Amino acid sequence: MEGSRAAWAADHQRLRRRYQVATLDPVLPLQASKWVAKYKHQPTAVCRLLCAFGAGADASSYDHWNALVAADFPDIELVLLQLPGRGQLWQEPLQRRTRAAAELIVEELQRIEGGAAAAPTALLGFSMGAAVAYEVELRLEALGRRALCLYVAGRGGPGISYRHPEEARALAKAPEEYVRFFATTFCPPDVAAKLLRLAAAPEEGGNMLRRLRDNYRADLELGNPFPEDGAPSPVPVSCGVHVVVSRRDTVWPAEASAERSVACTPAYGDIVETWREWTTRRLARTVIFDDLEHHELCGERLLRAVCGDVLQVLSETVSAPAAPSKKRSRQRPPMAM
């Protein structure tokens, strides 16, 4: 473990020397906010990475990411976005429309930046969070800002919806049936086991089961940016999009969704291509190994790969500040795993 950590640290130092990102001004600390879970200002950071997580996730459960990034990628400040209805925001109304949630996030981001000049920022979204991060980028661009890069993991482009047939059947039944559906479809084994135990005793956990059902249902709606539009016209972002997938993911299969999924509509052959019309700039492709299930994709491997790539993108921005030509830019090598 220590040898692996030392290797990552050495890789980071090589990136730091190679791209000279330390010449940039450090970011100023954010003001206090319940929207940012376990926030820790990184005084050496020159850019921020905003992270939005998947359905059912509490951003506070990823607080160990803060220590990892601070130790191995001190040029980056991590911002874990907490959505309404979770963590310290548990009393806030749940959001069911991606565009509305993104507007609230950007408004809060402007507030906690305190009027300071906007720091270079990258966006990382996993599953439902990928749909949210895409909409956040649209809102930022409307304000004259643009992310360094939009990293989307474990989700097809906004034109693809996720509608599992079991969800409708579970929703028509008691809350515990919906919790069972969600646990067995999306959750890692340890979390699923706890939820299934709770669902097995509905007379004891009635209020909790109803709340969980409402949260999970809202999240799945939030993960579909265009729930009432069967074939939305793409509204492309003007930053590069880096798509991160796993071939073992059966929730959002990397390939041949018609054969491997009962929920992705319309079916696609390559999940990366579902994002092509949603950006005017570079579309990069990365498949993280072949061994990660959907719930495993949002982990340390993803975080390290994204942080390393952020430094590369930042260096390219610093070394070539002029507006890019309309010709398709040459792709960088895939993110290091």
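The following paragraphs describe the sheet, one helix, the nonpolar cores and one loop residue of a predicted model.

Confidence is considered before the fold. The mean pLDDT of the protein is 87, and 86% of its residues reach 70 or more. Two stretches fall below 50. Residues 14-19 stay under 50 in pLDDT, and the model gives them 10 contacts beyond four places in sequence. Residues 321-332 also have a pLDDT below 50, with 14 contacts in the model beyond near neighbours in sequence.

An open sheet of seven strands, with mixed pairing, has the order S1-S3-S2-S4-S5-S7-S9. Its edge strands, S1 (36-37) and S9 (283-287), each pair on one side only. Within this order, strand S4 (residues 121-126) pairs in the parallel sense with strand S2 (residues 47-52) over five bridges, and Gly125 of S4 stands opposite Ala52. S4 also pairs in the parallel sense with strand S5 (residues 149-153), here over four bridges; Phe126 has Ala153 in S5 as its bridge partner. S5 in turn runs parallel to strand S7 (residues 240-245), to which five bridges join it. Cys149 stands opposite Gly240 in S7.

The connection from S4 to S5 involves helix H4 (residues 128-142), and the three elements make a right-handed β-α-β unit. S4 itself is mostly covered, six of its six residues being buried. In a regular strand the side chains alternate between the two faces of the sheet. In S4, Thr121, Leu123 and Gly125 point one way, Ala122, Leu124 and Phe126 point the other way, and all are buried.

In soluble globular proteins, nonpolar side chains tend to be buried together. The largest nonpolar core in the model has 62 residues, and the residues with the most contacts inside it are Val136, Leu150, Val241, Val243, Trp252 and Trp275. Helix H4 supplies the largest share of this core, eight residues. Apart from this core lies another, of 36 residues, among them Ala59, Val69, Leu148 and Val244. Trp252, one of the residues with the most contacts inside the largest core, has an environment that includes polar residues and glycines as well: with neighbours within four places in sequence left aside, Trp252 is in contact with Ser127, Gly154, Arg155, Gly156, Ile160, Ser161, Tyr162, Cys264, Tyr268, Ile271 and His294.

Helix H6 (residues 175-186) was compared with its expected length. At 1.5 Å a residue, its 12 residues should span 16 Å, and the end C-alpha atoms are 17 Å apart, which agrees. The buried residues of H6 are Pro175, Glu176, Tyr178, Val179, Phe181, Phe182, Ala183 and Phe186. These buried residues pack against strand S6 (161-162) and against four helices, namely H5 (165-171), H7 (189-199), H8 (206-222) and H10 (294-297).

Asp290 lies in the loop between S9 and H10. Asp290 is classed as partly exposed because its relative accessible area is 47%, which lies between the limits of 20% and 50%. Not counting residues up to four places away in sequence, Asp290 touches Ser246, Arg247 and Arg248. For one of these, Arg247, the C-alpha atom is separated from that of Asp290 by 5.1 Å, although the two residues are 43 apart along the chain.

Definitions and conventions:
Residues numbered from 1 in each chain as written. Predicted model: local features only at pLDDT ≥ 70, side-chain atom pairs only at ≥ 80, totals over all residues. Heavy atoms only, no water. Buried < 20%, exposed > 50% of the residue type's maximum accessible area, 1.4 Å probe, protein only. Pairing = 2+ DSSP bridges. Right-handed = clockwise from strand over helix to strand, strands pointing away. Expected span 1.5 Å × (residues − 1). Contact = heavy atoms within 4.5 Å. Core = buried A, V, L, I, M, F, W, Y, C linked by side-chain atoms within 4.5 Å. pLDDT = per-residue confidence, 0-100.
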